[in-house]
Amino acid sequence: MTRILVTGGAGYVGSVSVEAFLAAGHDVVVLDDLSTGHRAAVPAGARLVVGDYGDQAAITRLLAEHETDAILHCAARSLVGESLQDPARYFRDNVSGGIALLEAAREIGVSRFVLSSTAAVYGMPASTPIREDAETRPINPYGETKRAFEGALTWYGRAYGLRSVSLRYFNVAGATDELGEDHDPETHLIPAMLRAVERGRPMTLFGNDYPTPDGTCIRDYIHVADLADAHLRAIEATAADDPRTVDRALAFNLGNGDGFSNLEVIKAAERVIGRSIDYEVGPRRAGDPPVLVASAERATTILGWRPQRPSLDDMVGSAWAWRRAHPEGYAD
């Protein structure tokens with residue numbers, strides 16, 4: 001059994017990862033300020049502590065009290081548009097706050113760390129599928145803060161022996177039986193589309209003149225339960241006797257490897273829901289590349305990870321089933 005602190009464990013990705021950790025027999029404490037997370041999303045069996053991961057003194061006490069072995073860091077500011085409007089908040093929370101968390105871990109002697117990162121560190125990649133050795137050149141403050149924190153993990157590994165893994169991914173979708181996606185505002189395509197269907201409103205596709213087979217952007221998607229499995233495997237790779245993370249930081253891309261266009265996502269939803277979906281075509285969004293697809297070969301080779309739920313219909317179907325079972329979301 002590993003004693004794990006999960007920051008952001010009341011959020012979408014964090015809560016499903018907590019669910020996977022508990023199922024694997026680990027002991028979990030969730031740290032979340034509940035600004036975007038939900039108390040009701042914390043799985044039974046995990047202890048919830050409401051607080052800020054940037055409060056170094058409080059986190060030091062929490063890590064010591066729980067006798068923590070490892071940290072999964074899911075908490076972060078993650079809205080691209082907001083990061084462009086208020087970069088100071090993103091650097092303060094994602095970088096300064098993250099360093100406070102690392103310093104608390106270093107003081108207590110917690111030397112195992114997994115970062116739920118983002119493929120936004122690559123910016124506008126020169127080629128796809130994207131490999132981990134591609135140049136990282138973020139085009140927004142959100143991606144820049146994640147790159148900066150990944151850099152800190154590298155140097156903490158070299159100087160202090162921190163064992164860390166960063167997982168980079170684009171779009172997460174789907175739900176488990178108990179846990180799903182409930183954001184306000186909602187910026188992700190699949191839940192935004194399902195919400196529009198529920199409200200009887202057309203959704204907007206941003207651009208249909210890209211150099212892709214159907215003219216709409218192509219993006220990589222993974223099921224949230226597959227991401228949780230990757231988090232579990234990454235935690236295991238940071239164990240003291242594991243040669244993969246000796247005094248170094250590892251980074252892995254996660255994805256299906258092929259990607260889906262926005263129109264393909266709509267068609268999948270129509271199959272799942274059983275009726276047509278109204279949509280409007282709007283102008284392109286600035287900075288949207290035509291194709292963003294990640295190569296997950298390294299994660300397969302080193303972590304033994306591969307997506308078990310690669311079907312777009314499965315992702316949309318599970319998200320729709322959760323919304324039907326929870327029409328008010330978490331209602332908290």
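## Helix α1 and its surroundings

In this predicted model, helix α1 buries Tyr12, Val13, Gly14, Ser15, Val16, Ser17, Val18 and Phe21. The helix covers residues 12-23, which makes 12 residues in all. From its first C-alpha to its last, α1 reaches 17 Å, close to the 16 Å expected at 1.5 Å a residue.

What do the buried residues of α1 pack against? Their partners include the strands β1 (3-7), β2 (27-32), β4 (70-73), β5 (112-116) and β7 (171-173). Helix α7 (224-237) is also on the list. Just after α1 comes glycine 25, with a positive phi of about 95°.

## Valine 30 in strand β2

Strand β2, one of the packing partners of α1, holds valine 30. Is this valine buried or exposed? Valine 30 has a relative accessible area of 0%, so it counts as buried.

Leaving aside neighbours within four places in sequence, valine 30 is in contact with Val6, Gly9, Ala10, Val18, Val42, Ala46, Arg47, Leu48 and Val49. One name here may look familiar: Val18 is among the buried residues of α1. For a sense of distance across the chain, valine 30 and tryptophan 305 are 275 residues apart in sequence, and their C-alpha atoms are 24 Å apart in space.

## Serine 83 in helix α3

Next, have a look at helix α3, residues 80-85, where serine 83 has its place. Serine 83 counts as buried because its relative accessibility is 0%.

A polar atom of the serine 83 side chain lies 3.2 Å from the backbone nitrogen of tyrosine 142. Once neighbours within four places in sequence are set aside, the contacts of serine 83 are Tyr90, Asn140, Pro141 and Tyr142. Tyr142 therefore appears both in this contact list and in the polar pairing with serine 83.

## Helix α8 and valine 281

Helix α8 takes in residues 262-273, a run of 12 residues. Its first and last C-alpha atoms are 17 Å apart, close to the 16 Å expected at 1.5 Å a residue. Buried in α8 are Asn262, Leu263, Val265, Ile266, Ala268, Ala269, Glu270 and Ile273. These buried residues pack against two helices, α6 (189-199) and α10 (312-325), and against the strands β8 (203-206), β10 (221-223), β12 (260-261) and β13 (279-282). Glycine 274 follows α8, and its phi is positive, near 90°.

Strand β13 is where valine 281 sits. Valine 281 counts as partly exposed because its relative accessibility is 42%. Not counting residues up to four places away in sequence, valine 281 touches Leu205, Gly207 and Asn208. Between valine 281 and proline 211 there are 16 Å in space, C-alpha to C-alpha, and the two are 70 residues apart in sequence.

## Enclosed cavities

Where is there empty space inside the model? Rolling a probe the size of a water molecule over the atoms shows where empty space is left. The count comes to 2 cavities of 30 Å³ or more.

The largest cavity has a volume of about 70 Å³. Gly174, Ala175, Gly180, Glu181, Ile190, Pro191, Leu194, Ala319, Trp322 and Arg323 line the largest cavity. Helices α6 and α10 are the elements that give two or more residues to this lining. By class, the lining of the largest cavity has 6 nonpolar, 2 polar and 2 charged residues.

The second largest cavity holds about 40 Å³ of space, and its lining is made up of His73, Ala76, Asn94, Leu115, Thr145, Lys146 and Phe149. Helix α5 (residues 141-160) gives the most to this lining, with 3 residues. The residues lining the second largest cavity divide into 3 nonpolar, 3 polar and 1 charged.

## An open pocket

The second largest pocket has a volume of about 240 Å³. Which residues lie nearest its centre? Of the 13 residues that line this pocket, Asp182, Arg195, Arg199, Arg323 and Pro327 are the ones nearest the centre. The elements that give two or more residues to the pocket lining are α6 and α10, and the largest share, 3 residues, comes from α6.

By class, the lining of the second largest pocket has 8 charged, 3 polar and 2 nonpolar residues. Arg323 links two of the spaces described here: this residue lines the largest cavity and is also one of those nearest the centre of the second largest pocket.

Conventions:
Residues numbered from 1 in each chain as written. Predicted model: local features only at pLDDT ≥ 70, side-chain atom pairs only at ≥ 80, totals over all residues. Heavy atoms only, no water. Helix = DSSP H or I, 4+ residues; strand = E, 2+ residues; numbered from the N terminus. Buried < 20%, exposed > 50% of the residue type's maximum accessible area, 1.4 Å probe, protein only. Polar contact = N/O pair within 3.5 Å; in protein donor to acceptor, adjacent residues only side chain to side chain. Contact = heavy atoms within 4.5 Å. Expected span 1.5 Å × (residues − 1). 1 Å grid on protein atoms, 1.4 Å probe; cavity = no way out; pocket = protein on both sides within 12 Å on 5 of 7 lines; lining within 4 Å. Points joined across faces, edges and corners; volume = space filled by probe spheres on them. Nonpolar A, V, L, I, M, F, W, Y, C, P; charged D, E, K, R; others polar.
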